[in-house]
Amino acid sequence: MKLDTLDLKILAELQLDCKQPLEALAEKVGSSKSPVWSRIKRLKEAGVILREVAILNAEALNQGETF
């Protein structure tokens, strides 16, 4: 799958916070909601985005490492 600049911006923002509102994400990447939503859907269908995960803070959990 060929990724363009907008795809790469979307992926970078999703890696920082995949739960941010679509409107905020679209504004950050310089687009509108509909094309961003379509691209995210296409990236998921193509297997570029595999899943959304939570990154835990080991210090807050009083653990040397996260589970």
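Me: At roughly what angle do the axes of H1 and helix H3 cross?
Reply: Keep in mind that this is a predicted model. In it, the axes of H1 and H3 (residues 33–45) come within 11 Å. The angle at which they cross is roughly 80 degrees.

Me: What does that make H1 and H3 to each other, roughly?
Reply: Angles of 65 to 115 degrees count as roughly perpendicular. The axes of H1 and H3 cross at roughly 80 degrees. H1 and H3 are therefore roughly perpendicular.

Me: How do the residues of the contact of H1 with H3 divide into nonpolar, polar and charged?
Reply: On the H1 side you'll find Leu-6, Asp-7, Ile-10, Leu-11 and Leu-14. H3 brings Val-36, Arg-39, Ile-40, Arg-42 and Leu-43. Sort them and you get seven nonpolar, no polar and three charged.

Me: And H1 with H2, what is the handedness of that crossing?
Reply: Here the axes come within 10 Å and cross at roughly 130 degrees. That makes H1 oblique to H2. As for its hand, the crossing of H1 and H2 is right-handed.

Me: Which residues in H2 do the H1 residues meet?
Reply: H1 puts in Leu-6, Lys-9, Ile-10, Glu-13 and Leu-14. Counting both helices, the contact has five nonpolar, no polar and three charged residues. From H2, the partners are Leu-25, Lys-28 and Val-29.

Me: Why do the buried residues of H2 lie on the same side?
Reply: The residues in question are Leu-25, Ala-26 and Val-29. An α-helix has 3.6 residues a turn, so residues three or four places apart point the same way. Leu-25, Ala-26 and Val-29 end up on the same side of H2 because they cover an arc of only 100 degrees around the axis.

Me: Which exposed residues does the other face of H2 carry?
Reply: What covers the buried residues of H2 includes H1 and H3. The face turned away from that buried side carries exposed residues. They are Glu-23, Glu-27 and Lys-28.

Me: Is Cys-18 exposed, partly exposed or buried?
Reply: Cys-18 sits in the loop between H1 (5–16) and H2 (22–29). Buried would need under 20% relative accessible area, and exposed over 50%. At 25%, Cys-18 therefore counts as partly exposed.

Me: What about Gln-15, buried or exposed?
Reply: Gln-15 has its place in helix H1. The cut-off for exposed is over 50% relative accessible area. With 70% relative accessibility, Gln-15 therefore counts as exposed.

Terms used. Residues are numbered from 1 along each chain as its sequence is written. This is a predicted model: local features need pLDDT of at least 70, side-chain atom pairs count only at pLDDT 80 or more; totals for chains, interfaces and linings use all residues. Side-chain values use heavy atoms; hydrogens and water are left out. Helices (H or I, at least four residues) and strands (E, at least two) are DSSP runs, numbered from the N terminus. Buried means under 20% relative accessible area, exposed over 50%, partly exposed in between (1.4 Å probe, protein chains only). Axes are lines fitted to C-alpha atoms, for helices over the stretch in contact, and angles run from 0 to 180 degrees between N-to-C directions. Angles under 35 degrees count as roughly parallel, over 145 as roughly antiparallel, 65 to 115 as roughly perpendicular and the rest as oblique. Contact means heavy atoms within 4.5 Å. Ala, Val, Leu, Ile, Met, Phe, Trp, Tyr, Cys and Pro count as nonpolar, Asp, Glu, Lys and Arg as charged, and the others, Gly among them, as polar. The arc is that of the directions from the helix axis to the C-beta atoms. A crossing is left-handed if the near helix is turned anticlockwise from the far one by less than a right angle, and right-handed if clockwise.
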